[in-house]
Amino acid sequence: MENTKVLVVEDESSIRKFININLDRSGFSVIEAESGEEGLMKLKEYQPAVVILDVMLPGMDGFEVCRKIRDEKSDAIVIMLTAKGQDMDKIVGLELGADDYMVKPFNPLELVARIRANLRRVDKSHVQDENVIVTGKVSLDTGAQKFYKSGVDIELTPREFAIVKVFMENQGKALSRDELLNHIWGRNYFGDIKTVDVHIRRLREKIEDDPSDPKLIETVWGFGYRWRKAE
Ligand code: CA
């Protein structure tokens, strides 16, 4: 968290400096902007992890700036600074996309605590995004939609990928053809459960060393399939 870049968008220089001094003291690297327009420019230039955004700004107001930040697909954490009585629902609502807000006047230590709490939350969600399931020689990167065996990238169709994902999330558990069908094709699919067998056969040809003697996807006779747990 050291040297995490924080962009402070606030037109009142005394408040800006006050935030800057306190964040700097806590080890953040602060970038200042006096207006929304300047803030958006600096967002592009510095790619800060966090934006402290005042609602009341001359020209483009904080709401509009926040919307523009999200339009640009920036995943910066946005903490809005508001005056008492401002429209809180609008601020925390999904419509705007802000992560948090603080009502002025605020304790700078609380601002630091909020920034840290938001950074921790985002850290965790990134770990989930880049979820990589590893078992034995096989790994599945659900973020990049990639499947590797002994480090070799094996190309799977989206459906095959979905099948492997269900298996790897349920390792060692026998899954019936019906369950697999529901998981992968959805409950409203009226196809034959033989579809599952066809896909499994093709999948085995891609991922098993010897498709006639499968070690990853085992057949559970009269029921379905099971992903063998790695020892
Ligand atoms: Ca202001």
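This is a guided tour of a predicted model, to be followed stop by stop with the structure open in a viewer.

**The whole chain**

Begin with the full protein chain and colour its two parts separately: domain 1 covers residues 5–125, and domain 2 covers residues 132–227. If you mark the C-alpha centre of each domain, you will find that the two centres lie 44 Å apart.

**The calcium ion**

Now select the calcium ion and show the residues around it. Which residues coordinate the calcium ion? The donors are Glu10 and Asp11, through their OE and OD atoms respectively, together with Asp54 through OD and Met56 through its O atom, at 2.1 to 2.9 Å. Along the sequence these donor residues follow the spacing E-D-x42-D-x1-M. Asp11 sits in the loop between β1 (5–9) and α1 (13–25), whereas Asp54 belongs to strand β3 (residues 50–54), so this pair ties together parts of the chain that are 43 residues apart in sequence.

Switch on a surface for a moment and compare these two aspartates, asking of each whether it is buried or exposed. Asp11 is partly exposed, with a relative accessible area of 30%, while Asp54 is buried, with a relative accessibility of 2%.

**From Glu10 to Lys104**

Keep Glu10 selected and add Lys104. These two residues form a salt bridge in which the closest N and O atoms are 2.8 Å apart. The bridge links distant parts of the chain, with Glu10 in the loop between β1 and α1 and Lys104 in the loop between β5 (100–103) and α5 (108–129), 94 residues apart. Glu10 is buried, with a relative accessible area of 0%, and Lys104 is buried as well, at 18%, which falls under the 20% cut-off that defines a buried residue.

Stay with Lys104 and step to Pro105, where the backbone deserves attention. A cis peptide bond joins Lys104 and Pro105, and its omega is about -5°. Pro105, too, is found in the loop between β5 and α5.

**Salt bridges in other places**

A search of the whole structure finds 19 salt bridges. In general, side chains of opposite charge can pair when their charged atoms come close. Select Lys146 and Asp153 to see one of these bridges, in which the N to O distance is 2.8 Å. Lys146 is partly exposed, with a relative accessible area of 33%, and Asp153 also counts as partly exposed, at 40%.

Next select Lys173 and Glu179, whose side chains meet in a salt bridge with an N to O distance of 3.8 Å. Lys173 is partly exposed at 41% relative accessible area, and Glu179 is partly exposed at 29%. Returning to the residues seen earlier, salt bridges that share partners join Glu10, Asp54 and Lys104 into one network.

**Arg204 in helix α8**

Move on to helix α8 (residues 194–207) and select Arg204 within it. What is the nearest side chain of opposite charge to the buried Arg204? It is Glu208, which is 4.7 Å away, and Arg204 has no salt bridge because such a bridge requires the nitrogen and the carboxyl oxygen to be within 4 Å. Arg204 does have a polar partner, however, since its side chain is joined to that of Thr219 by a polar contact of 2.8 Å. Show the surroundings of Arg204 and, setting aside neighbours within four places in sequence, you will find it in contact with Pro211, Pro214, Ile217, Glu218, Thr219 and Tyr225.

**Three loops to finish**

For the last stops, look at residues that lie in loops. Select Lys73, in the loop between α3 (62–71) and β4 (77–82). Its phi is near 60°, a positive value in a residue other than glycine, and at 71% relative accessibility Lys73 counts as exposed.

Then select Ser150, in the loop between β8 and β9 (152–154). Ser150 has a phi near 50°, again a positive value in a residue other than glycine.

Finally, select Ala144, which has its place in the loop between β7 (138–141) and β8 (146–149). Ala144 counts as partly exposed, at 46% relative accessibility. How far apart are Ala144 and Asn3, in sequence and in space? They are separated by 141 residues in sequence and by 28 Å in space, taken from C-alpha to C-alpha.

Technical notes
Residues numbered from 1 in each chain as written. Predicted model: local features only at pLDDT ≥ 70, side-chain atom pairs only at ≥ 80, totals over all residues. Heavy atoms only, no water. Donors = N, O, S within 2.8 Å, 3.2 Å for Na, K, Ca; no water. Helix = DSSP H or I, 4+ residues; strand = E, 2+ residues; numbered from the N terminus. Buried < 20%, exposed > 50% of the residue type's maximum accessible area, 1.4 Å probe, protein only. Lys, Arg positive; Asp, Glu negative; His and termini not counted. Polar contact = N/O pair within 3.5 Å; in protein donor to acceptor, adjacent residues only side chain to side chain. Contact = heavy atoms within 4.5 Å. Domains from an automatic or database assignment.
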